Every structure is written in structure tokens, then in C-alpha cells.
Amino acid sequence: MKNNLQVNIGLAFLRISASAMMLTHGFPKFQKLLSGDFEFGDPLGLGATPTLFLAIIGEFICPILVMIGFKTRWAALPTAITMAVAAFVAHAQDPFGTKEKALLFLTIFIAIMLLGPGKYSIDKK
């Protein structure tokens, strides 16, 4: 096994880079909400506005928490669920190449849930 320094740097890199990339999807949704535009897809039948709120939580708020390492395992869960819905519900009929990004994010955030934040985080575990 690699030494602890390498493992902790690797975990921090995984957390920060994946969360930063996820923010590029969540920030436009957050801006959409701030502008008062509540139109959004509704793949689960919850309604457009609740679905938009859940997407913002999963793609904007929780990635910020994961990035700084605060309640990391729990914060990664809504993002993983959001990506599972994107891959298996919203893009269920699409070709693999279309759902591939959501599946990659799903895999990464599940790994973060399993591995935890590492030493270089607010959680420091």
C-alpha cells in the first residue's frame, strides 16, 4: 500500500477535482433558480421545481461540501443519487456515450462515499 501522504493527497485530488467538475453542471442550474426560471425536466414525476431544487442540491451544494471535506460521505450521497437518476432515468434510452459522463460521476462519488475525505479535509478522517 502506498504511504499515507500519497493516499491522502490522492483522496483530496479526487474530491476536489470531481467536485469542481460537477460544479460546472450545478452552477448554471443555481443561476437559473436565482433568475426565477423554474422550468426543468421532471424524470421522476415530482414536478419541475422540486426536481430543480434536488438537482441544485446534488450538483451544486453537496459538491461544495465534498470539495472542502465537510460531512464528505453524506454529502457525496445526493450527488451520487442525482447521477444515478441522470444515467438510469433521464438518459435511460440514450446511447452509452450520452450517459457515460453521469456514470463516471456516479462511480467517483460512490468511491468518495466509500473511501471518505482523507486527512486534508475539514472532517480529517
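**A walk through the helices of a predicted model**

Let us start with helix 1, residues 4–34: with 31 residues at 1.5 Å a residue, this helix should span 45 Å, and its end C-alpha atoms lie 42 Å apart, which agrees. Keep in mind as you look around that this is a predicted model.

Follow helix 1 along and you will come to a kink of about 35° at threonine 24, shortly before proline 28. The helix also has a buried set of residues: Asn8, Leu11, Ala12, Arg15, Ala18, Ser19, Met22, Leu23, Gly26, Lys29 and Leu33. The cover over these buried residues includes helix 2, helix 3 and helix 4. Just after helix 1 comes glycine 36, which takes a positive phi of about 90°.

Now turn to helix 4, which covers residues 96–115. Its 20 residues, at 1.5 Å each, should span 28 Å, and the end C-alpha atoms are 27 Å apart, in agreement with that. Helix 4 has a bend too, of about 30°, at alanine 102. Alanine 102 is itself among the buried residues of this helix, alongside Lys99, Leu103, Phe105, Leu106, Phe109 and Ile112. These buried residues pack against helix 1, helix 2 and helix 3. After helix 4 you meet glycine 116, which has a positive phi near 85°.

One member of that buried set deserves a pause: is lysine 99 buried or exposed, with a relative accessible area of 14%? Buried means under 20%, so lysine 99 counts as buried at 14%. What does lysine 99 touch, leaving aside residues up to four places away in sequence? The contacts are Ala87, His91, Ala92 and Asp94. You can also look from lysine 99 across to alanine 84: the two are 15 residues apart in sequence, and their C-alpha atoms are 9.8 Å apart in space.

Finally, move to the surface. Here Leu44, Leu46, Leu54, Ile57, Ile61, Phe88 and Val89 form a nonpolar patch, together offering about 620 Å² of accessible area. Helix 2 (48–68) and helix 3 (72–90) are the elements that give two or more residues to this patch. Of the elements, helix 2 gives the most, with 3 residues. Phenylalanine 88, one of the patch residues, sits in helix 3. Why does phenylalanine 88 count as exposed? Its relative accessibility is 51%, and exposed means over 50%, so phenylalanine 88 falls in that class. Set side by side, then, lysine 99 of helix 4 is buried, whereas phenylalanine 88 of helix 3 is exposed.

How values were computed:
Residues numbered from 1 in each chain as written. Predicted model: local features only at pLDDT ≥ 70, side-chain atom pairs only at ≥ 80, totals over all residues. Heavy atoms only, no water. Patch = residues over 30% accessible without salt bridge, like charges linked within 9 Å, V, L, I, M, F, W, Y side chains within 5 Å. Areas by Shrake-Rupley, 256 points an atom, 1.4 Å probe, with all protein chains shown as cover. Salt bridge = Lys/Arg side-chain N within 4 Å of Asp/Glu carboxyl O. Helix = DSSP H or I, 4+ residues; strand = E, 2+ residues; numbered from the N terminus. Buried < 20%, exposed > 50% of the residue type's maximum accessible area, 1.4 Å probe, protein only. Contact = heavy atoms within 4.5 Å. Expected span 1.5 Å × (residues − 1). Bend = angle between axes of the 7 residues up to and from the residue.
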